[in-house]
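Here are my notes on how the protein meets one of the DNA strands. Have the model open while you read.

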There are 2 protein chains.
Amino acid sequence: MQADQVIRALGALAQEHRLATYRLLVQAGADGMAAGALAEALGLPASSMSFHLAQLSHAGLVTQRRQSRSIIYAADYAAMGALMGYLTENCCGGASCAPAATPADERNVA
Amino acid sequence: MQADQVIRALGALAQEHRLATYRLLVQAGADGMAAGALAEALGLPASSMSFHLAQLSHAGLVTQRRQSRSIIYAADYAAMGALMGYLTENCCGGASCAPAATPADERNVA
DNA sequence: TCGATATTTCCATACTTATCGAATCATTGG
DNA sequence: CCAATGATTCGATAAGTATGGAAATATCGA
C-alpha cells in the first residue's frame, strides 16, 4: 500500500459520519447495506450520505453494487487489512503496537 | 478509546507531512527528534512544522519534552496501540483484517 | 409509458485546514 | 544583560471539506 492511498483511507475514516458508516458496514458484513438504509440509520439527508459514501469508495474502503433500485455498499476488508498492515509496518515501533484489547466498558461507545 | 479520539488520531495521520513526521519519530524511537530536526528532514518551514506537531500532539500520538532550547518529540506507542485496537475491534469483521505483511517490494515506498 | 422510489449530481454556503512570513516567547552562552 | 538560537503564536490567504435542498438520473411496478 502506497502512502498516498494510506492518507486517503485514513482521511476517509477521520470523520464522525464516515467512521460510523464504516462500522455499520462492518457489522452488516458481506450483505452490506443500501445507501438509503445507511442514511436513515445515521439520520443524514440522502445527499450528505451520498457524499460520504463517495469518499469511502474513493478511498477504496467500500465496494458498491446495484441491486434493483438500491445501491448496496459493503466494507472491503482487504483494504482495511492493507491499511492495518501499513500502520503495523511503518507506524509501530515493533514495540507495544500489538492491538491491545479494548477494556469491555469502553467498547462500542459511539 | 473513544470514537472522538479515534477521529482526531486518524485525522492527524491523514496528512502527507504528518504521516511522514510520525514515521520519522517511530524510526527515531524513544530518543525522539527535535522540532527543528524534523522540519529540516521534511523541508518544511518551522511554523508549518510546529502546526503539524501541534496536531499530532493534540491527537495524543506524540509526546514532547523540552531539552535545553530544543523541544523533543517522540512517538507515543501506547496511543498508536489503542488506535490499532479500536480499528481491530470496530472496523474489522474478525475477517481478514489480520495485518497481512506488506510484500517486500512495496515496503517503505514513501 | 407513467408515476413512484432510490440514489446521485449540482450548487451555494459555511466551516475547517494548510501554508508561511513576521512577531513573540523561552533558553542558553558570553 | 544581551545577542543568538530554537520553537511557538499570530495573521492573512488559499485550498479543501461538509452540509443539505433542488434538480437530474436510473430502475421498477402497474
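1. Helices here are DSSP runs of at least four residues, numbered from the N terminus. With that in mind, B:His52 sits in helix H4 of chain B. Keep in mind too that this is a predicted model.

2. Start with who is around DNA strand C. There are 22 surrounding residues, and the closest are A:Gly36, A:Arg69, A:Tyr73, B:Arg18 and B:His52. Sorted by class, that surface has seven nonpolar, 11 polar and four charged residues.

3. What part of the strand does the protein meet? Sugar or phosphate accounts for 64% of the atoms of DNA strand C within 4 Å of the protein, and bases supply the rest.

4. Some polar contacts to look up: a polar backbone atom of A:Gly36 is 2.6 Å from a phosphate oxygen of DNA strand C. On chain B, an N or O atom in the side chain of B:His17 is 3.4 Å from a phosphate oxygen. The side chain of A:Ser70 has an N or O atom 3.4 Å from a sugar or linking oxygen of the strand.

5. As for elements giving two or more residues to this surface, chain A has helix H3 (35-42), helix H4 (46-58) and strand S3 (70-75), while chain B has helix H2 (16-28) and helix H4 (46-58). The largest share, five residues, comes from H4(B).

6. Back to B:His52: is this residue buried or exposed? Its relative accessible area is 7%, so B:His52 counts as buried, the cut-off being under 20% with protein chains only. Leaving out residues up to four places away in sequence, B:His52 touches B:Gln15, B:His17, B:Arg18 and B:Leu44.

Methods:
Residues numbered from 1 in each chain as written. Chains lettered and ligands numbered in written order. Predicted model: local features only at pLDDT ≥ 70, side-chain atom pairs only at ≥ 80, totals over all residues. Heavy atoms only, no water. Near = heavy atom within 4 Å. Polar contact = N/O pair within 3.5 Å; in protein donor to acceptor, adjacent residues only side chain to side chain. Nonpolar A, V, L, I, M, F, W, Y, C, P; charged D, E, K, R; others polar. Buried < 20%, exposed > 50% of the residue type's maximum accessible area, 1.4 Å probe, protein only. Contact = heavy atoms within 4.5 Å.
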